[in-house]
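Work through the exercises below with the model open. Each task is followed by a solution in steps.

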Amino acid sequence: METSRFTTSRRGFLGLVGTGAAVAALAACSTGGGGGGASASLKFWNMPWGTPAFNTLDSKITLGYKPESGLPAATYQAIQWANFNQTFSSALASKTGPAISSGGGTQAFQFAKQGFIAPADGLIESWKSNGIYDDFLPGVLDAMKTDAGYVAVPYNLDMRVNWYNKELLEKAGATPPTDWQSYLDAAAALKKIDVYGFAANGNASGGNAFQMIVGLMINNGGGIFDEEHKPNLVTAANIEALEFVRENISKGYMDPAAISYTATNANSQWKAEKFGMGFDVPNLAANVGGASSSQLVVGDPLTSASGKKGALYFPNNIMMYKNTPSQKGSEAFMTYYYQNMKALWTQNTGIGLPVLKSIAATPEFQSDPNAVKIVKMWQPIAKTWAAPGGTALFSNISYVDSTPAISDFGQNVLSGKSAKDALTTFQSTLTSLIKD
Amino acid sequence: MTSTSIAESVKRARRGVGPAGAGRKPGPAPAARARKRFTPRTWTLIAFAAPSLILLLLLNVYPLVYALIQALHDGTLLETGPFVGLKNFGDVLAQPSFWSETSFTVVFTVVGVFGSWLVGLALSLLLRTHIPAGGLFKVLLLLPWIVPTVVSATSWNWLVATPQSPLPVIAEHLGFGNVLFLADPMLAQVVVCLFKVWISFPFMMMMMSSALASVDTNVYEAAKVDGATGWQSFRLITLPLIARTTFVSWILMTIFCVNDFPTIFLLTGGGPAHATTSLVLLAYLTVFQNFQTGPGVAIAFLMTFVLVVISVVLYRQIRKVNVE
């Protein structure tokens, strides 16, 4: 039998294995390069804000960026919502994170507190001369301003607004509500035709009833945080708002199974015309689909029991990180992106409401009367989680942004717990969570 | 023949399955064997295996040590934070919600393990009989285990979530009124446990089928000659002979149930009002939504400790079965 000329001794083989292991270990221990490094490109991580077409088009816009000489080019990465907190945290801790990203609504404020965010003050100042600054809808930039400056730039808006099914309302002989009392009247009329007038989805992980409830608290001049950014929940305004919710529940205007509904379950109920009125997301009609979607109409902002108007909105944003190959490059890319992102709305990729007036004025956007009404009538009166104490977000808001604490609060309210008890429990939970 | 004498006959028959009187095999004395254990060849083999072993050790030990560090600190996902000793463990154990979630986890695990075992065993016994298209049935029965949990959880949600879903409609037609399968805390617990049994029984069925296939049919014939009834054969022959596999499957299913995140998260999200929150879900929510890394990891460690204790107890049962 012929033997190979390339024989290896046992000792040689062991040496080879050892060398391989050492190389692997060294490779594992080395830094991943991150967003930094002189010749590195600029990493832009964006979330799936709409349909799959969103990230395709977004990638195209990003890769179409032609930097000035000496500035880095941009790369694109879509980041899934699943475990996004962990994705960003581990990437930042290992210095392999992006130079620019979107993400959770309060993410920038958390990371700014931990020193990872590059303030956007210089960028926003530069936008005063090219028209972008003046193009923002009123108030949205203010939501990003902290004591340390702007930690992010508004990107798209989410909001909780009043929707109703116009056909069902007509069938019930009711008129669209304009205040809380007329809302109760319309819900009573809907009940007579076996339709629920207070739509809700309270599922612990897939529902957002707590956003609707906080929206009503803000509507009545209340909210979660005071001027010192401390939770201050047991107030007359909040109790009155929760009594309004309880009245809807006790009078049978809410589906008793709603406490377990995910947003998808609720959409099914809207589609089945079992839900006739409620507070939901701006793109509810598209989410519901089918014949019912054309019947869904955004109502006017309601006047609360205390005579106030208000709603909850979420300014989703884009942030710049300190771990960048070039801060000048990051800012140049941001300017390019904001000047070229219009197609994400005009091509109906499913992204939230625009933050720029020029996009809201496009014929494509103007063709959706519901979206136009939200921008025109709801956005000016909407407030962030920081209400009633302030407008700008801050890091501790992460404790109420879709957390177990606020989800429990929503479930407590929907399950009929008294307004004061539900608020006191929530206050106590938040106080124990927020350490500074 | 009395039941006791049948039992003795069965024990004799079971002993007779292996070679009788098996003792220490002839060979060198233990001291000589120990001297021979570390030959140059042995060292070479150890050296070959060492890189993989070291890598495995690092992959397992590093996360464990890192997790322990986090459990002993008051940190976040980004920072380790100050050292707080066992405070996180104390805080977790002092929370009333921890104990309510523990009790649900126990119920979920007990129902999941024994429910799926009973169904799996019954089906594996049924599939041993000559039923037409038995192979097809076997494949169909495996579907709940094969189908991704996200799909089956969505299907179950569709079955029960709204009053217009099929099961609530049937319940209403049967005169039970508007049954809130996921909105009522007790019913939601029942649904989650049933769902767990449903997705787990195929695994048990496979385990039990393989155990039953290894049982020598001569033992049954011997017992039948001795006058054993079907129940006596099942209790005194089948169950003891598949005991080893049963204990192994109980250990595995206990681990699967205690660590089961997607079943609950996708079906109820832990609600309503925490009724279906298990410990693994609580650990996830504590770390990734409340940003309390220390307490969340402490919960995970407590779960691991309990799992190790359960596994050791069941493993001792396996050894006991082997000795018998």
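**Exercise 1. Place strand S10 of chain A in its sheet.**

Task: Which strands pair with S10(A), and in what sense?

Solution.
- Step 1. Start with strand S6 (residues 153-159) of chain A. Six bridges connect S6(A) with S10(A), and the two run antiparallel. To find the register, look at Met159(A): it sits opposite Tyr313(A) of S10(A). Keep in mind that this is a predicted model.
- Step 2. Go on to strand S3 (residues 100-101) of chain A. S3(A) and S10(A) are antiparallel and share two bridges. Here Ile100(A) has Met320(A) as its bridge partner in S10(A).
- Step 3. Now take strand S12 (residues 382-383) of chain A. Its pairing with S10(A) is parallel, again over two bridges. Ala311(A) lies opposite Ala382(A) in S12(A).

**Exercise 2. Judge the surroundings of S10(A).**

Task: Are the two faces of S10(A) covered or open?

Solution.
- Step 1. Read one side. Ala311(A), Tyr313(A), Pro315(A), Asn317(A) and Met319(A) are all buried.
- Step 2. Read the other side. Leu312(A), Phe314(A), Asn316(A), Ile318(A) and Met320(A) are buried too. Both faces are therefore covered.
- Step 3. Count along the strand, residues 311-320. 10 of the 10 residues are buried, so S10(A) is largely enclosed by the rest of the structure.

**Exercise 3. Trace the largest nonpolar core.**

Task: Which residues touch the most other members of the core, and where does the core lie?

Solution.
- Step 1. The core has 187 residues. Those touching the most other members are Ile117(A), Val151(A), Ala152(A), Met159(A), Leu190(A), Ile213(A) and Leu182(B).
- Step 2. Ask which element contributes the largest share. It is helix H9 (residues 185-213) of chain B, with 13 residues.
- Step 3. Locate the core in chain A. Domain 1 (42-157 + 314-375) and domain 2 (159-313 + 393-433) both give residues to it, so the core lies between them.
- Step 4. Zoom in on Ile117(A). Beyond its neighbours within four places in sequence, Ile117(A) contacts Ala108(A), Phe111(A), Ala112(A), Val151(A), Met319(A), Tyr321(A) and Lys322(A).

**Exercise 4. Describe how the two domains of chain A meet.**

Task: How many residues does each domain put into the contact?

Solution.
- Step 1. Fix the bounds. Domain 1 covers 42-157 + 314-375, and domain 2 covers 159-313 + 393-433. Their C-alpha centres are 29 Å apart.
- Step 2. Count the contact. Domain 1 of chain A gives 18 residues and domain 2 of chain A gives 14 residues.
- Step 3. Find the elements on the domain 1 side. Helix H4 (107-113), S10 and helix H17 (369-378) of chain A each supply at least two residues. H17(A) gives the most, with four residues.
- Step 4. Sort that side by class. It has eight nonpolar, eight polar and two charged residues.

**Exercise 5. Describe the side of chain A that touches chain B.**

Task: Which helix of chain A gives the most to this side?

Solution.
- Step 1. Count both partners. 31 residues of chain A contact 27 residues of chain B.
- Step 2. List the helices of chain A that supply at least two residues each: H1 (10-29), H3 (84-93), H11 (263-271) and H18 (404-414).
- Step 3. Pick the main contributor. H3(A) gives the most, with five residues.
- Step 4. Check the class. The chain A side holds 14 nonpolar, 16 polar and one charged residues.

**Exercise 6. Check a helix and a tryptophan.**

Task: What span should helix H13 (residues 327-340) of chain A have, and why does Trp127(A) count as buried?

Solution.
- Step 1. H13(A) has 14 residues, and at 1.5 Å a residue it should span 20 Å. Its end C-alpha atoms are 20 Å apart, which agrees.
- Step 2. List its buried residues: Gly329(A), Ser330(A), Glu331(A), Ala332(A), Phe333(A), Met334(A), Tyr337(A) and Tyr338(A).
- Step 3. Turn to Trp127(A), which is in helix H5 (residues 121-130) of chain A. The cut-off for buried is 20 or more other C-beta atoms within 10 Å. Trp127(A) has 22 C-beta neighbours inside 10 Å, so it counts as buried.
- Step 4. Link it back to H13(A). The C-alpha atoms of Trp127(A) and Thr335(A) are separated by 7.8 Å, though the residues are 208 apart along the chain.

Key: Residues are numbered from 1 along each chain as its sequence is written. Chains are lettered from A and ligands numbered from 1 in the order in which they are written. This is a predicted model: local features need pLDDT of at least 70, side-chain atom pairs count only at pLDDT 80 or more; totals for chains, interfaces and linings use all residues. Two residues are in contact if their C-beta atoms, placed from the backbone, lie within 7 Å. Ala, Val, Leu, Ile, Met, Phe, Trp, Tyr, Cys and Pro count as nonpolar, Asp, Glu, Lys and Arg as charged, and the others, Gly among them, as polar. A residue is buried if 20 or more other C-beta atoms lie within 10 Å of its own, exposed if 12 or fewer, and partly exposed in between; C-beta atoms are placed from the backbone. Two strands pair if DSSP finds at least two bridges between them. A nonpolar core is a set of buried Ala, Val, Leu, Ile, Met, Phe, Trp, Tyr and Cys residues joined through C-beta atoms within 7 Å. Domain bounds come from an automatic or database domain assignment. The expected span of a helix is 1.5 Å times one less than its number of residues.
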